Number of protein chains: 2
Amino acid sequence: MRIVRPPEFKRTTGGFVATEEALESKGGIGRAWANVRRVLIGRRLATAEEHSERVSKRIGLAIFASDNISSSAYATEETMRVLALAGVGAVAALTLPLTVAIVVVLAIVVLSYVQVIKAYPSGGGSYVVAKENLGVVPGLVAGSALLVDYFLTVSVSVAAGVAAVTSAFPDLHAVRVTFAIALVVLLTIGNLRGIREAGNIFAAPTYLYVLGVFGLIGIGLWRVLAGDVPTAPPPIQPFPPEGMQPLTLLLLLRAFASGSVALTGTEAVANGVQAFKKPEARNAQIVLIVMGSLFALIFLSISFLATSIGIHPDESETETVLSLLARSLVGTSWYFYLVQFSTALILILAANTAFNGFPRLASIMAVDRFMPRQFAQRGDRLAFSTGIVALALVSSFLIVIYDASVTGLIPLYTVGVFIAFTLSQGGMVRKWLRDRSRGWQVGAVINGAGAVATGVVAVVVGISKFQVGAWMVIAILPVLVAMLYAINRHYRSIEDVLLIAATAPVRVQPTVPRVVVPISRIDRASLRALSIARGLGGEVHAVHISYDTEGAAAFKRRWESVVGETIALDTIISPYRALMPPLSNIWTRSTGVVPDGRSSWCSPSSCRGTGGKLCSTTRPRCC
Amino acid sequence: MRIVRPPEFKRTTGGFVATEEALESKGGIGRAWANVRRVLIGRRLATAEEHSERVSKRIGLAIFASDNISSSAYATEETMRVLALAGVGAVAALTLPLTVAIVVVLAIVVLSYVQVIKAYPSGGGSYVVAKENLGVVPGLVAGSALLVDYFLTVSVSVAAGVAAVTSAFPDLHAVRVTFAIALVVLLTIGNLRGIREAGNIFAAPTYLYVLGVFGLIGIGLWRVLAGDVPTAPPPIQPFPPEGMQPLTLLLLLRAFASGSVALTGTEAVANGVQAFKKPEARNAQIVLIVMGSLFALIFLSISFLATSIGIHPDESETETVLSLLARSLVGTSWYFYLVQFSTALILILAANTAFNGFPRLASIMAVDRFMPRQFAQRGDRLAFSTGIVALALVSSFLIVIYDASVTGLIPLYTVGVFIAFTLSQGGMVRKWLRDRSRGWQVGAVINGAGAVATGVVAVVVGISKFQVGAWMVIAILPVLVAMLYAINRHYRSIEDVLLIAATAPVRVQPTVPRVVVPISRIDRASLRALSIARGLGGEVHAVHISYDTEGAAAFKRRWESVVGETIALDTIISPYRALMPPLSNIWTRSTGVVPDGRSSWCSPSSCRGTGGKLCSTTRPRCC
């Protein structure tokens, strides 16, 4: 006899199919919740629909590149601000060369990831590359560093976006934390709707920013090359022109490291190869190269124009270099406001890259059993819902404890990503040297250069930001690695106990239960419980707990007259009025089970119950 | 065969006795928690020890009278503050007459409760008296009003105590909410230790205050009667001597109502009769009369001395009238500080009366099934732990939302208690008129006068405090009454369904179960589940849920080769990756049970499961 209900389960060759109807809740609250879900994140998507959920290059660029491209809004300024410490001359002379140097590193990283995508088309970022080529510990270090950086990407981007809005509308400053959390909730809902819909929702701001900035750059290059150089608007509070520090190598490295913040987010495309339409790897590579080119073009142009026009950063941070540049080129026209508005939007949307990168990385690590397996399951809309929600919770927590302050959060940022980059580039070098596949010499040189460059940045960033917060990230990495290891060990130890050899003979022998029914009073509920207990095919014991001897005696008389001798009754007098503790101390050991010829089935916890412990996991036995 | 373990359960004639050993937790956390409990609230007390836990008159006075007696610290001042609005002359002339009037009302209330205790020796305050004599609704109104007032007693007393401390140590003002909650926690732990220990802990401050104030009164009366009247220290900010309002009847009534705050707490003794040693009723009556006499003596003396010396209240509320009086009599000597210190202590301890009154009232209402039955159960230390904890939680909540502000809380206070008084006095009048027992005329006159007096106070307090907060209490009463009713209906409807006639024949027929075992993989855990399922004596169905057809087919092959035909297997393909919803929609209706000859056992919820509803509660049947 079948137990599956016909109308809701469709019969096919392989078995029954749980149609959408079979998933519907019968209760009122369940139905209401299902409706809320449907409105917020959309109808359920079947696994077979996964291919139609994949994204084109156009949307993929918007999803995976918003973090990287948004960096162009501040990369020039970050470099200039450090150089300005050495005076006006250093800014004018060194901004463009440093920009070129950073773009070279970016090119190396991009080229390296193009090769990573070829080598790991199922999706693999630093975690996979480092783990496969350098070993498990470097892999976990790279993975943890990236997980931490994804949390920070969300917190920092949202806090920066909120700061941009509140500097325009100071009244909102008081509610900035609530505002930031609301943005995180919006991003969460958008991403729970699945990658394609999230792409559709979040693509427009990315393209608006790119077009807006390209228009600005076009005007700028035209005027500068035609000799019609505009005058630079003076910053509200200029840095002292003669500088405050000598121009040392360390200062240069710090300027380089500050600009290198632009490299964050490069990782995401390599992790998300499987999100692209076929051919996945090729599409991902194209998106990666387009992203790198767009970013390089914008970054180089802004640095060139800013130094040509003679724009200097504002020490009070009231107006950005990009804003000064736009104002010098187009005045405070509608176009100026368009650029400002699209910049604020893309800064917030940089968080969206993390909403794609984090859940994918977590799912890859969950498949390897270094994360709880829930992270590997796709939700109703085929998105990795657990990862999305976990990211939202942790980043909201960071926003709350840092009071949505960019200044507080930024020192924690970018250390992790460069540690991960260095490990993955190192891993690629190792792979080239081992595989010696075609073109291995060129590959090894590119990745070797990348490893050195990103390694230097990692060290410089780590040292220059150590005291203000990077130490927390560095301190938490070993803890995270240990945690991932502990998760893995937990899964492995369970498997050791559970798994049976494919060839082992299996006997499913009935375990006859001993059934204890606590009865406080003879009424319909307790009679129902007794009748179910008697149907369970084992010995049935009724237990009555009474506060005093008289109550116990009265119950016994009633029991004997109503139920009689059919079911054994024990009465317990509980002078301390406790109900559960005496019940849980009753003697209810049941017969052992013999699944494959062994004496008894044991687990660490079942052994503890008998006062012993598991002495062997391969051949479970309590001792 | 017995299932009770011999060493931990002692065998007696009536059955087994769960010794303390049988209550011990086996786990490490359970044992640690048991140790923490033992240190905080003491060892378990057996029900038989209840008599040794009862309190003497000396301790009973401290426990049940602290609220009432503590009112003497501010009753004179509250009366004076209202009179001061009509000028210096009104204070001098009317304070003492109003004090006498309030003492008369108190005397009536006390005499009335002496009679209540005689009539209801098992413990009964306004709730019992109003319910028995006026009906269920008046009883519930009185009960709700008292429950609300007990919450407020704790919040107001603790907030007032904290305010006294923070005006001495202003640094503590920032942590006043934490400080107040800490005091509530201390009171909670003290009371969870049981009434006798709480009495021992909290008795000293009550007697310290009484002795301290009596000393002060002695000195004062001696000096005033000997003609050596001290000069009154001027208040920091006196009320305008000519007054701000005309002396209307309403003002007089308000002054009377303000002083009547002194009557709160009188109820507690009548509720707690069963806490006293034998003879319970007699001891409770003596304590009630002693309490009333002590309070009247102190209140009259303070009003007399304050007006004789010419003390006027301080409009800025910086120094109390009692403090001014003490300062004028003994200067700022050690005795002055002793009085101040003991006053602060007894103000906080007034909350302790509510910690005794609330749980007892709740337990009486729980026995009547108007409150959840947990409120009627005695905890490990024979205290009504649920009520104690509930009171602590609600009053802490009030402290938090009112930011520990006495000014914010006080308007909610005392309305409830006078509503309850009026109803209980009215109930007593009804009882006299109906029973016509010996002395009914005198009793009816006393209680009639009491009903009128307390009714007037209730109306005056309600009107004068309505806008500032009393409306909340008046608005919440119908809600509370409806809630208590709903609780009662819930219990009665369950009883209707569950109860079987004592004479009905009972047949306990086995209900054969249909057992569904969800299996994700064939391993030791699932084989163990199958072997337990087979021992349950019913049909066993294994269900495997797969995300795709291939997975389902592969599992089916493995199942057939390993388990074979012994157990039926259904495979379900879940294209939306859902696991629980398809399982919960499987068809698992089991056979009906026949406890006493009826067709099937039904409940409202089991009927909903079959798509119908319960059409009769006396003869349950789904339709």
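This report describes how chain B meets chain A in a predicted model, and the sheet that the two chains build together.

Local features were taken only at pLDDT of at least 70 and side-chain atom pairs only at pLDDT 80 or more, while totals for chains, interfaces and linings use all residues. Residues are numbered from 1 along each chain as its sequence is written, chains are lettered from A in the order in which they are written, and side-chain values use heavy atoms, with hydrogens and water left out.

**The interface**

Contact here means heavy atoms within 4.5 Å. By that rule, 94 residues of chain B touch 93 residues of chain A. The buried area is about 7,800 Å², and carbon and sulfur atoms give 58% of it; this is the accessible area (1.4 Å probe) that two parts lose on being put together, summed over both.

Between the chains there are 32 residue pairs in polar contact, both residues at pLDDT 80 or more. A polar contact is a pair of N or O atoms within 3.5 Å; within protein, one must be able to donate a hydrogen and the other to accept it, and residues adjacent in sequence count only if both atoms are side-chain atoms. On the chain B side, α18(B) gives the largest share, nine residues. Among the other elements that each supply at least two residues are α17 (440-498) and α19 (549-562) of chain B. Helices (H or I, at least four residues) and strands (E, at least two) are DSSP runs, numbered from the N terminus.

The interface has two salt bridges, a term for a side-chain nitrogen of Lys or Arg within 4 Å of a carboxyl oxygen of Asp or Glu. R521(B) and E495(A) form a salt bridge at 2.7 Å, N to O.

**The shared sheet**

Five strands form an open sheet in the order β1(A)-β2(A)-β5(B)-β4(B)-β3(B), with mixed pairing. Two strands pair if DSSP finds at least two bridges between them.

| Strand pair | Bridges | Direction | Residues paired |
|---|---|---|---|
| β2(A) and β5(B) | two | parallel | F16(A) and I572(B) |
| β3(B) and β4(B) | five | parallel | R514(B) and E539(B) |

β1 (9-11) of chain A and β3 of chain B stand at the edges with a single partner strand each, so one side of each has no neighbour in the sheet. From one strand to the next, the twist averages 30 degrees.

Helix α19(B) packs on the sheet and touches β4 and β5 of chain B. Its direction makes about 165 degrees with that of β5(B); axes are lines fitted to C-alpha atoms, for helices over the stretch in contact, and angles run from 0 to 180 degrees between N-to-C directions.
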